[in-house]
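Me: I am new to this structure and would like a close look at a single part of it. Please take the salt bridges and follow them to whatever lies around them.

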Amino acid sequence: MSTGMPTRTKSSGGLGDLFKKEDYWAVWLGLGLVVLSLILWTLGSTFFTSIAVNFPGNWTDFSKILAFISANLTNLFLLWLVFTVLFTVAIKTLGHKVGQFIGGFTILFIASIIIYILGASKFSNHYNLESPLWALVIGMIVANLFKLPEWFNTSLRTEFYVKTGIVLLGATLPFTMIVQAGPAAFLQATIIAVSTFLTIYFVATKVLKLDRRFAATLAAGGSICGVSASIAIGSSVKSEKQHVSVAISLVVVWAIVMVIALPFVIKALGVPDGPGGAWIGTSEFADAAGMAAAAAISEQAIRTFTLMKVVGRDMWIGIWCFIMALISVTRWERDESGAKPQAGEIWYRFPKFVIGFFIASILMTIIVASSNAAAASSVSANVMAPMKVLRSWTFIFTFLSIGLTTRFRDLTSVGWKPFAAFTAGVCVNVPLGFIFSTIILGGFWQLVK
(Lines give C-alpha, C1' and ligand atoms only; values in the text may rest on other atoms or scores of the structure.)
Protein backbone atom coordinates (compact mmCIF):
# COMPACT_ATOMS: atom_id res chain seq x y z
CA MET A 1 0.00 0.00 0.00
CA SER A 2 1.20 3.47 -0.79
CA THR A 3 1.56 5.94 2.06
CA GLY A 4 0.81 8.78 -0.33
CA MET A 5 4.20 10.28 0.47
CA PRO A 6 6.73 10.68 -2.32
CA THR A 7 9.92 8.70 -2.18
CA ARG A 8 13.22 10.54 -2.15
CA THR A 9 16.48 9.81 -3.86
CA LYS A 10 19.04 8.60 -1.33
CA SER A 11 22.69 9.29 -1.56
CA SER A 12 25.24 6.56 -1.84
CA GLY A 13 26.30 4.82 1.32
CA GLY A 14 29.91 4.66 0.16
CA LEU A 15 31.85 1.44 0.63
CA GLY A 16 28.93 -0.04 2.55
CA ASP A 17 27.00 -0.27 -0.72
CA LEU A 18 29.53 -2.82 -1.98
CA PHE A 19 27.73 -5.44 0.11
CA LYS A 20 24.23 -4.00 0.34
CA LYS A 21 23.11 -3.94 -3.30
CA GLU A 22 22.12 -6.78 -5.62
CA ASP A 23 23.97 -4.99 -8.44
CA TYR A 24 27.29 -5.36 -6.64
CA TRP A 25 26.60 -8.93 -5.57
CA ALA A 26 25.83 -9.85 -9.18
CA VAL A 27 29.30 -8.54 -10.04
CA TRP A 28 31.01 -10.39 -7.17
CA LEU A 29 29.28 -13.69 -7.93
CA GLY A 30 29.56 -13.52 -11.72
CA LEU A 31 33.22 -12.50 -11.70
CA GLY A 32 33.92 -14.89 -8.83
CA LEU A 33 32.69 -17.82 -10.91
CA VAL A 34 34.76 -16.70 -13.91
CA VAL A 35 37.96 -16.20 -11.87
CA LEU A 36 37.49 -19.45 -9.95
CA SER A 37 36.99 -21.39 -13.17
CA LEU A 38 40.22 -19.85 -14.55
CA ILE A 39 42.15 -20.80 -11.41
CA LEU A 40 40.86 -24.37 -11.51
CA TRP A 41 41.68 -24.56 -15.23
CA THR A 42 45.30 -23.56 -14.57
CA LEU A 43 45.45 -26.33 -11.94
CA GLY A 44 44.17 -28.85 -14.46
CA SER A 45 40.78 -29.27 -12.79
CA THR A 46 37.64 -29.97 -14.84
CA PHE A 47 35.24 -29.16 -11.99
CA PHE A 48 33.27 -26.49 -13.82
CA THR A 49 33.16 -28.53 -17.00
CA SER A 50 31.60 -31.35 -14.96
CA ILE A 51 28.97 -29.33 -13.13
CA ALA A 52 27.96 -27.32 -16.21
CA VAL A 53 25.21 -29.81 -16.95
CA ASN A 54 23.66 -29.27 -20.37
CA PHE A 55 20.88 -31.69 -21.23
CA PRO A 56 21.10 -33.35 -24.66
CA GLY A 57 19.06 -31.52 -27.28
CA ASN A 58 16.43 -32.77 -29.69
CA TRP A 59 15.58 -35.81 -27.57
CA THR A 60 12.51 -37.97 -28.22
CA ASP A 61 13.12 -40.94 -25.92
CA PHE A 62 12.60 -39.92 -22.29
CA SER A 63 14.42 -43.02 -21.06
CA LYS A 64 17.62 -41.49 -22.42
CA ILE A 65 17.01 -38.37 -20.36
CA LEU A 66 16.50 -40.50 -17.26
CA ALA A 67 19.78 -42.27 -17.98
CA PHE A 68 21.49 -38.90 -18.44
CA ILE A 69 20.12 -37.65 -15.10
CA SER A 70 21.26 -40.85 -13.38
CA ALA A 71 24.77 -40.46 -14.80
CA ASN A 72 24.92 -36.76 -13.84
CA LEU A 73 23.12 -36.83 -10.50
CA THR A 74 26.27 -35.93 -8.57
CA ASN A 75 27.06 -33.10 -10.98
CA LEU A 76 23.52 -31.73 -10.66
CA PHE A 77 23.83 -31.81 -6.89
CA LEU A 78 27.16 -29.99 -7.04
CA LEU A 79 25.67 -27.43 -9.43
CA TRP A 80 22.81 -26.83 -6.98
CA LEU A 81 25.32 -26.61 -4.11
CA VAL A 82 27.51 -24.03 -5.88
CA PHE A 83 24.56 -21.82 -6.78
CA THR A 84 22.98 -22.22 -3.35
CA VAL A 85 26.13 -21.35 -1.42
CA LEU A 86 26.95 -18.32 -3.56
CA PHE A 87 23.42 -16.93 -3.66
CA THR A 88 22.87 -17.61 0.05
CA VAL A 89 25.93 -15.57 1.03
CA ALA A 90 24.48 -12.64 -0.91
CA ILE A 91 20.94 -13.18 0.39
CA LYS A 92 22.17 -13.27 4.00
CA THR A 93 24.17 -10.08 3.56
CA LEU A 94 21.23 -8.36 1.87
CA GLY A 95 19.12 -9.07 4.94
CA HIS A 96 16.77 -11.81 3.70
CA LYS A 97 15.92 -15.03 5.55
CA VAL A 98 18.40 -17.73 4.60
CA GLY A 99 16.21 -20.70 5.48
CA GLN A 100 13.37 -19.44 3.31
CA PHE A 101 15.71 -18.75 0.42
CA ILE A 102 17.39 -22.17 0.48
CA GLY A 103 14.05 -23.98 0.60
CA GLY A 104 12.58 -21.83 -2.17
CA PHE A 105 15.68 -21.97 -4.35
CA THR A 106 15.80 -25.75 -4.09
CA ILE A 107 12.27 -25.91 -5.47
CA LEU A 108 13.22 -23.39 -8.14
CA PHE A 109 16.27 -25.46 -9.11
CA ILE A 110 14.28 -28.69 -9.42
CA ALA A 111 11.68 -26.89 -11.53
CA SER A 112 14.51 -25.52 -13.68
CA ILE A 113 15.76 -29.05 -14.34
CA ILE A 114 12.32 -30.05 -15.59
CA ILE A 115 12.09 -26.94 -17.78
CA TYR A 116 15.63 -27.40 -19.12
CA ILE A 117 14.71 -30.95 -20.16
CA LEU A 118 11.45 -29.79 -21.72
CA GLY A 119 13.19 -27.06 -23.68
CA ALA A 120 15.73 -29.55 -25.05
CA SER A 121 13.08 -31.87 -26.53
CA LYS A 122 12.60 -32.33 -30.26
CA PHE A 123 9.08 -30.92 -29.92
CA SER A 124 10.42 -27.70 -28.39
CA ASN A 125 13.20 -27.41 -30.95
CA HIS A 126 10.74 -27.87 -33.81
CA TYR A 127 8.47 -25.08 -32.55
CA ASN A 128 11.32 -22.87 -31.24
CA LEU A 129 10.06 -23.17 -27.67
CA GLU A 130 13.26 -22.48 -25.77
CA SER A 131 13.63 -23.23 -22.05
CA PRO A 132 13.31 -19.55 -21.01
CA LEU A 133 9.93 -19.28 -22.74
CA TRP A 134 8.73 -22.51 -21.10
CA ALA A 135 9.90 -21.14 -17.74
CA LEU A 136 7.96 -17.93 -18.24
CA VAL A 137 4.74 -19.62 -19.38
CA ILE A 138 4.78 -22.40 -16.78
CA GLY A 139 5.62 -19.90 -14.05
CA MET A 140 2.67 -17.68 -14.98
CA ILE A 141 0.29 -20.64 -15.10
CA VAL A 142 1.35 -21.83 -11.65
CA ALA A 143 1.23 -18.32 -10.16
CA ASN A 144 -2.29 -17.67 -11.43
CA LEU A 145 -3.78 -21.06 -10.58
CA PHE A 146 -2.25 -21.53 -7.14
CA LYS A 147 -1.51 -19.29 -4.18
CA LEU A 148 2.19 -19.52 -3.47
CA PRO A 149 3.40 -19.28 0.15
CA GLU A 150 4.91 -15.97 1.22
CA TRP A 151 8.23 -17.53 2.24
CA PHE A 152 8.75 -18.77 -1.32
CA ASN A 153 9.00 -15.18 -2.59
CA THR A 154 12.43 -14.85 -0.92
CA SER A 155 13.89 -17.10 -3.62
CA LEU A 156 12.30 -15.26 -6.56
CA ARG A 157 15.14 -12.78 -7.08
CA THR A 158 14.46 -11.91 -10.73
CA GLU A 159 16.89 -9.02 -11.19
CA PHE A 160 19.60 -10.70 -9.12
CA TYR A 161 19.60 -13.81 -11.30
CA VAL A 162 19.52 -11.96 -14.61
CA LYS A 163 22.27 -9.52 -13.61
CA THR A 164 24.50 -12.40 -12.51
CA GLY A 165 23.77 -14.11 -15.82
CA ILE A 166 24.68 -10.99 -17.79
CA VAL A 167 28.04 -10.77 -15.99
CA LEU A 168 28.65 -14.42 -16.98
CA LEU A 169 27.62 -13.54 -20.52
CA GLY A 170 30.46 -11.02 -20.61
CA ALA A 171 32.92 -13.91 -20.25
CA THR A 172 31.69 -15.32 -23.56
CA LEU A 173 31.72 -12.06 -25.54
CA PRO A 174 35.07 -10.76 -26.89
CA PHE A 175 35.68 -7.18 -25.72
CA THR A 176 36.70 -6.21 -29.26
CA MET A 177 33.12 -6.97 -30.33
CA ILE A 178 31.74 -4.73 -27.56
CA VAL A 179 34.02 -1.85 -28.62
CA GLN A 180 33.00 -2.23 -32.26
CA ALA A 181 29.30 -2.34 -31.38
CA GLY A 182 29.46 0.50 -28.86
CA PRO A 183 28.95 3.51 -31.18
CA ALA A 184 26.16 1.82 -33.14
CA ALA A 185 24.43 0.65 -29.97
CA PHE A 186 24.69 4.11 -28.38
CA LEU A 187 23.38 5.86 -31.49
CA GLN A 188 20.43 3.53 -31.92
CA ALA A 189 19.59 3.43 -28.22
CA THR A 190 19.83 7.18 -27.73
CA ILE A 191 17.62 8.17 -30.66
CA ILE A 192 14.95 5.60 -29.88
CA ALA A 193 15.06 6.05 -26.09
CA VAL A 194 14.70 9.84 -26.33
CA SER A 195 11.87 9.54 -28.88
CA THR A 196 10.02 6.98 -26.75
CA PHE A 197 10.52 8.92 -23.51
CA LEU A 198 9.22 12.17 -24.98
CA THR A 199 6.23 10.40 -26.56
CA ILE A 200 5.12 8.78 -23.30
CA TYR A 201 5.74 11.94 -21.30
CA PHE A 202 3.84 14.16 -23.78
CA VAL A 203 0.82 11.84 -24.03
CA ALA A 204 0.72 11.34 -20.26
CA THR A 205 0.97 15.03 -19.30
CA LYS A 206 -0.55 16.97 -22.21
CA VAL A 207 -3.22 14.55 -23.44
CA LEU A 208 -4.15 12.47 -20.40
CA LYS A 209 -3.28 15.10 -17.75
CA LEU A 210 -1.28 12.74 -15.52
CA ASP A 211 1.15 14.00 -12.89
CA ARG A 212 4.48 14.87 -14.47
CA ARG A 213 6.46 12.79 -11.96
CA PHE A 214 4.23 9.84 -12.76
CA ALA A 215 4.70 10.53 -16.47
CA ALA A 216 8.49 10.59 -16.11
CA THR A 217 8.42 7.26 -14.26
CA LEU A 218 6.25 5.68 -16.97
CA ALA A 219 8.47 7.13 -19.71
CA ALA A 220 11.62 5.76 -18.09
CA GLY A 221 10.19 2.26 -17.85
CA GLY A 222 9.18 2.32 -21.50
CA SER A 223 12.36 3.83 -22.92
CA ILE A 224 15.45 3.03 -20.85
CA CYS A 225 15.61 -0.30 -19.06
CA GLY A 226 12.26 -1.32 -17.69
CA VAL A 227 11.81 -2.09 -14.00
CA SER A 228 15.20 -0.73 -12.92
CA ALA A 229 14.61 2.54 -14.72
CA SER A 230 11.10 2.92 -13.27
CA ILE A 231 12.45 2.49 -9.76
CA ALA A 232 15.51 4.68 -10.27
CA ILE A 233 13.77 7.53 -12.11
CA GLY A 234 10.79 7.34 -9.75
CA SER A 235 13.18 7.87 -6.86
CA SER A 236 15.06 10.66 -8.64
CA VAL A 237 11.91 12.74 -9.27
CA LYS A 238 10.22 11.79 -5.97
CA SER A 239 7.36 9.95 -7.62
CA GLU A 240 4.79 8.27 -5.36
CA LYS A 241 5.34 4.60 -4.59
CA GLN A 242 2.05 3.57 -6.17
CA HIS A 243 3.05 5.30 -9.40
CA VAL A 244 6.31 3.32 -9.47
CA SER A 245 4.30 0.13 -8.91
CA VAL A 246 2.01 0.97 -11.84
CA ALA A 247 5.00 1.65 -14.09
CA ILE A 248 6.55 -1.68 -13.12
CA SER A 249 3.27 -3.48 -13.83
CA LEU A 250 3.09 -1.95 -17.31
CA VAL A 251 6.69 -2.90 -18.01
CA VAL A 252 5.83 -6.50 -17.08
CA VAL A 253 2.67 -6.48 -19.23
CA TRP A 254 4.45 -5.29 -22.35
CA ALA A 255 7.55 -7.38 -21.64
CA ILE A 256 5.35 -10.50 -21.66
CA VAL A 257 3.68 -9.39 -24.89
CA MET A 258 7.01 -8.71 -26.58
CA VAL A 259 8.69 -11.91 -25.42
CA ILE A 260 6.08 -13.79 -27.44
CA ALA A 261 5.40 -11.34 -30.26
CA LEU A 262 8.89 -10.21 -31.29
CA PRO A 263 10.41 -13.66 -32.01
CA PHE A 264 7.25 -14.60 -33.94
CA VAL A 265 7.32 -11.42 -36.06
CA ILE A 266 11.08 -11.64 -36.61
CA LYS A 267 10.74 -15.18 -37.98
CA ALA A 268 7.61 -14.36 -39.96
CA LEU A 269 9.32 -11.41 -41.67
CA GLY A 270 12.53 -13.34 -42.25
CA VAL A 271 14.63 -10.84 -40.29
CA PRO A 272 18.21 -12.15 -39.92
CA ASP A 273 19.25 -13.26 -36.44
CA GLY A 274 21.71 -10.41 -35.79
CA PRO A 275 19.32 -7.55 -36.64
CA GLY A 276 16.53 -9.49 -34.93
CA GLY A 277 18.46 -9.59 -31.66
CA ALA A 278 19.24 -5.88 -31.93
CA TRP A 279 15.55 -5.14 -32.52
CA ILE A 280 14.68 -7.09 -29.37
CA GLY A 281 17.39 -5.19 -27.50
CA THR A 282 15.83 -1.91 -28.61
CA SER A 283 12.16 -2.72 -28.18
CA GLU A 284 11.93 -5.19 -25.28
CA PHE A 285 11.25 -3.57 -21.91
CA ALA A 286 13.11 -5.86 -19.50
CA ASP A 287 16.52 -7.55 -19.57
CA ALA A 288 15.16 -10.94 -18.55
CA ALA A 289 12.24 -11.00 -20.98
CA GLY A 290 14.46 -9.70 -23.77
CA MET A 291 16.97 -12.44 -23.14
CA ALA A 292 14.16 -15.00 -23.35
CA ALA A 293 13.00 -13.56 -26.67
CA ALA A 294 16.55 -13.53 -28.07
CA ALA A 295 17.15 -17.08 -26.85
CA ALA A 296 14.14 -18.18 -28.88
CA ILE A 297 16.03 -17.13 -32.02
CA SER A 298 19.73 -18.00 -31.76
CA GLU A 299 23.04 -17.44 -30.00
CA GLN A 300 23.81 -14.62 -32.45
CA ALA A 301 20.56 -12.92 -31.47
CA ILE A 302 21.55 -13.23 -27.81
CA ARG A 303 24.83 -11.47 -28.57
CA THR A 304 23.33 -8.58 -30.54
CA PHE A 305 20.52 -8.24 -27.99
CA THR A 306 23.06 -7.97 -25.17
CA LEU A 307 25.19 -5.43 -27.01
CA MET A 308 22.12 -3.33 -27.79
CA LYS A 309 20.38 -3.62 -24.41
CA VAL A 310 23.31 -3.64 -21.99
CA VAL A 311 25.83 -1.49 -23.86
CA GLY A 312 23.32 0.76 -25.60
CA ARG A 313 20.47 1.21 -23.10
CA ASP A 314 21.25 0.03 -19.57
CA MET A 315 24.40 2.13 -19.32
CA TRP A 316 22.37 5.33 -19.65
CA ILE A 317 20.33 4.85 -16.48
CA GLY A 318 22.69 6.83 -14.24
CA ILE A 319 22.83 9.78 -16.61
CA TRP A 320 19.06 9.76 -17.10
CA CYS A 321 18.54 9.73 -13.33
CA PHE A 322 20.84 12.70 -12.88
CA ILE A 323 19.10 14.68 -15.64
CA MET A 324 15.63 13.93 -14.28
CA ALA A 325 16.69 14.68 -10.70
CA LEU A 326 18.11 18.02 -11.90
CA ILE A 327 14.86 18.88 -13.71
CA SER A 328 12.79 17.83 -10.72
CA VAL A 329 14.78 19.96 -8.28
CA THR A 330 15.33 23.06 -10.42
CA ARG A 331 11.95 23.22 -12.15
CA TRP A 332 9.37 21.05 -10.39
CA GLU A 333 10.37 21.74 -6.81
CA ARG A 334 11.15 25.44 -6.82
CA ASP A 335 8.87 25.99 -3.86
CA GLU A 336 10.20 23.03 -1.92
CA SER A 337 13.41 22.70 0.05
CA GLY A 338 16.07 20.21 -0.94
CA ALA A 339 19.66 20.08 -2.13
CA LYS A 340 20.48 19.99 -5.79
CA PRO A 341 21.61 16.64 -7.17
CA GLN A 342 25.35 16.08 -7.29
CA ALA A 343 27.46 14.50 -10.01
CA GLY A 344 27.90 11.46 -7.76
CA GLU A 345 24.24 10.67 -8.40
CA ILE A 346 25.26 9.30 -11.82
CA TRP A 347 27.54 6.73 -10.21
CA TYR A 348 24.99 5.89 -7.50
CA ARG A 349 22.31 5.11 -10.10
CA PHE A 350 24.60 3.49 -12.65
CA PRO A 351 23.82 -0.26 -13.01
CA LYS A 352 26.94 -1.86 -11.54
CA PHE A 353 26.39 -5.24 -13.18
CA VAL A 354 27.29 -3.56 -16.49
CA ILE A 355 30.81 -3.03 -15.11
CA GLY A 356 31.01 -6.71 -14.21
CA PHE A 357 29.95 -7.56 -17.75
CA PHE A 358 32.79 -5.45 -19.18
CA ILE A 359 35.42 -6.78 -16.75
CA ALA A 360 34.52 -10.39 -17.53
CA SER A 361 34.73 -9.68 -21.25
CA ILE A 362 38.07 -7.84 -20.98
CA LEU A 363 39.56 -10.53 -18.74
CA MET A 364 38.68 -13.40 -21.05
CA THR A 365 39.71 -11.46 -24.17
CA ILE A 366 43.17 -10.74 -22.72
CA ILE A 367 43.68 -14.35 -21.64
CA VAL A 368 42.64 -15.78 -24.99
CA ALA A 369 44.66 -13.21 -26.96
CA SER A 370 47.82 -13.87 -24.91
CA SER A 371 47.57 -17.67 -25.20
CA ASN A 372 48.81 -19.95 -27.94
CA ALA A 373 46.28 -21.76 -30.12
CA ALA A 374 46.13 -24.87 -27.94
CA ALA A 375 45.72 -22.92 -24.69
CA ALA A 376 43.10 -20.61 -26.21
CA SER A 377 41.14 -23.64 -27.38
CA SER A 378 41.39 -25.14 -23.90
CA VAL A 379 40.14 -21.92 -22.28
CA SER A 380 37.22 -21.85 -24.69
CA ALA A 381 36.28 -25.46 -23.90
CA ASN A 382 36.95 -25.51 -20.15
CA VAL A 383 36.14 -21.97 -19.03
CA MET A 384 34.00 -20.11 -21.56
CA ALA A 385 31.77 -23.07 -22.47
CA PRO A 386 30.91 -23.86 -18.82
CA MET A 387 30.19 -20.18 -18.15
CA LYS A 388 27.76 -20.23 -21.06
CA VAL A 389 25.90 -23.18 -19.52
CA LEU A 390 25.86 -21.59 -16.06
CA ARG A 391 24.51 -18.44 -17.68
CA SER A 392 21.68 -20.49 -19.18
CA TRP A 393 20.76 -21.83 -15.75
CA THR A 394 20.64 -18.32 -14.25
CA PHE A 395 18.35 -17.18 -17.04
CA ILE A 396 15.96 -20.06 -16.41
CA PHE A 397 15.90 -19.05 -12.72
CA THR A 398 15.12 -15.54 -13.93
CA PHE A 399 12.23 -16.42 -16.22
CA LEU A 400 10.69 -18.77 -13.68
CA SER A 401 10.85 -15.96 -11.13
CA ILE A 402 9.15 -13.56 -13.55
CA GLY A 403 6.39 -16.04 -14.26
CA LEU A 404 5.88 -16.96 -10.62
CA THR A 405 5.54 -13.30 -9.60
CA THR A 406 3.18 -12.30 -12.42
CA ARG A 407 -0.47 -12.08 -11.36
CA PHE A 408 -2.87 -11.24 -14.17
CA ARG A 409 -5.31 -9.74 -11.68
CA ASP A 410 -2.69 -7.22 -10.56
CA LEU A 411 -1.77 -6.34 -14.13
CA THR A 412 -5.37 -5.44 -15.01
CA SER A 413 -5.70 -2.90 -12.18
CA VAL A 414 -3.33 -0.19 -13.39
CA GLY A 415 -5.97 1.98 -15.09
CA TRP A 416 -6.45 2.91 -18.74
CA LYS A 417 -4.66 6.28 -18.77
CA PRO A 418 -1.21 4.99 -17.71
CA PHE A 419 -1.71 2.04 -20.04
CA ALA A 420 -2.60 4.34 -22.94
CA ALA A 421 0.44 6.58 -22.33
CA PHE A 422 2.82 3.62 -22.11
CA THR A 423 1.28 2.02 -25.20
CA ALA A 424 1.83 5.24 -27.15
CA GLY A 425 5.51 4.79 -26.43
CA VAL A 426 5.36 1.19 -27.62
CA CYS A 427 3.85 2.37 -30.90
CA VAL A 428 6.91 4.59 -31.42
CA ASN A 429 9.56 2.28 -29.98
CA VAL A 430 8.81 -0.92 -31.91
CA PRO A 431 8.67 0.56 -35.45
CA LEU A 432 11.77 2.71 -34.82
CA GLY A 433 13.56 -0.34 -33.45
CA PHE A 434 12.72 -2.27 -36.61
CA ILE A 435 13.87 0.55 -38.90
CA PHE A 436 17.21 1.03 -37.13
CA SER A 437 17.95 -2.67 -36.56
CA THR A 438 17.07 -3.95 -40.02
CA ILE A 439 17.45 -1.00 -42.42
CA ILE A 440 19.69 1.79 -41.11
CA LEU A 441 22.11 -0.43 -39.13
CA GLY A 442 20.98 -3.83 -40.39
CA GLY A 443 24.24 -4.55 -42.19
CA PHE A 444 26.25 -3.83 -39.07
CA TRP A 445 24.17 -6.04 -36.76
CA GLN A 446 24.25 -8.86 -39.30
CA LEU A 447 28.06 -8.93 -39.12
CA VAL A 448 28.08 -9.44 -35.34
CA LYS A 449 28.65 -13.18 -34.83
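Reply: The count of salt bridges comes to 4. The model is a predicted one, and the account below starts from its charged pairs.

One of the salt bridges joins the side chains of Lys-163 and Asp-23, at 2.7 Å from N to O. This pair links distant parts of the chain, since Lys-163 belongs to helix α8 (residues 158-170) and Asp-23 to helix α1, 140 residues apart. Lys-163 has a relative accessibility of 11%, so it counts as buried. Asp-23, at 12% relative accessibility, counts as buried as well.

Next comes a group of charged residues. Glu-299, Lys-388 and Arg-391 are linked in a network of salt bridges. Within this network, the side chains of Lys-388 and Glu-299 meet at 3.6 Å, N to O. Lys-388 sits in helix α18 and Glu-299 in helix α14, so their salt bridge ties together parts 89 residues apart in sequence. The side chain of Glu-299 also meets that of Arg-391 in a salt bridge, at 3.5 Å from N to O. Because Glu-299 is in helix α14 and Arg-391 in helix α18, this pair ties together parts that are 92 residues apart in sequence.

How buried or exposed are the members of the network? Lys-388 is partly exposed, with 35% relative accessibility. Glu-299 is also partly exposed, its relative accessible area being 27%. Arg-391 has a relative accessible area of 3%, and because buried means under 20%, Arg-391 counts as buried.

Arg-391 leads on to a pocket. The second largest pocket holds about 570 Å³ of space. It is lined by 23 residues, and those closest to its centre are Asn-54, Tyr-116, Glu-130, Arg-391 and Ser-392. Two or more lining residues come from each of α5, α7 (131-145), α13, α14 (299-313) and α18 (373-404). Helix α18 gives the most to this lining, with 7 residues. By type, the lining of the second largest pocket divides into 12 nonpolar, 7 polar and 4 charged residues.

Two of the helices that contribute to the pocket can be described further. Helix α13 (residues 287-295) has 9 of its 9 residues buried, so this helix is largely enclosed by the rest of the structure. Among its buried residues are Asp-287, Gly-290 and Met-291. Helix α5 (residues 98-119) holds Ala-111, which is partly exposed at a relative accessible area of 24%. The C-alpha atom of Ala-111 is separated by 34 Å from that of Ile-233, a residue 122 positions away along the chain.

Helix α1, which holds Asp-23, also takes part in an enclosed space. The structure has 1 cavity of 30 Å³ or more, and the largest cavity holds about 30 Å³ of space. Its lining consists of Ser-37, Leu-40, Trp-41, Ser-45, Thr-46, Phe-47, Phe-48, Thr-49 and Asn-382. Helices α1 and α2 (47-51) each supply at least two of these residues. The lining of the largest cavity has 4 nonpolar residues, 5 polar and no charged ones.

Helix α1 (residues 22-42) also contains Val-35, which counts as partly exposed at 37% relative accessibility. Together with Leu-36, Ile-39 and Leu-43, Val-35 makes a nonpolar surface patch of about 360 Å².

Methods. Residues numbered from 1 in each chain as written. Predicted model: local features only at pLDDT ≥ 70, side-chain atom pairs only at ≥ 80, totals over all residues. Heavy atoms only, no water. Helix = DSSP H or I, 4+ residues; strand = E, 2+ residues; numbered from the N terminus. Buried < 20%, exposed > 50% of the residue type's maximum accessible area, 1.4 Å probe, protein only. Patch = residues over 30% accessible without salt bridge, like charges linked within 9 Å, V, L, I, M, F, W, Y side chains within 5 Å. Areas by Shrake-Rupley, 256 points an atom, 1.4 Å probe, with all protein chains shown as cover. 1 Å grid on protein atoms, 1.4 Å probe; cavity = no way out; pocket = protein on both sides within 12 Å on 5 of 7 lines; lining within 4 Å. Points joined across faces, edges and corners; volume = space filled by probe spheres on them. Nonpolar A, V, L, I, M, F, W, Y, C, P; charged D, E, K, R; others polar.
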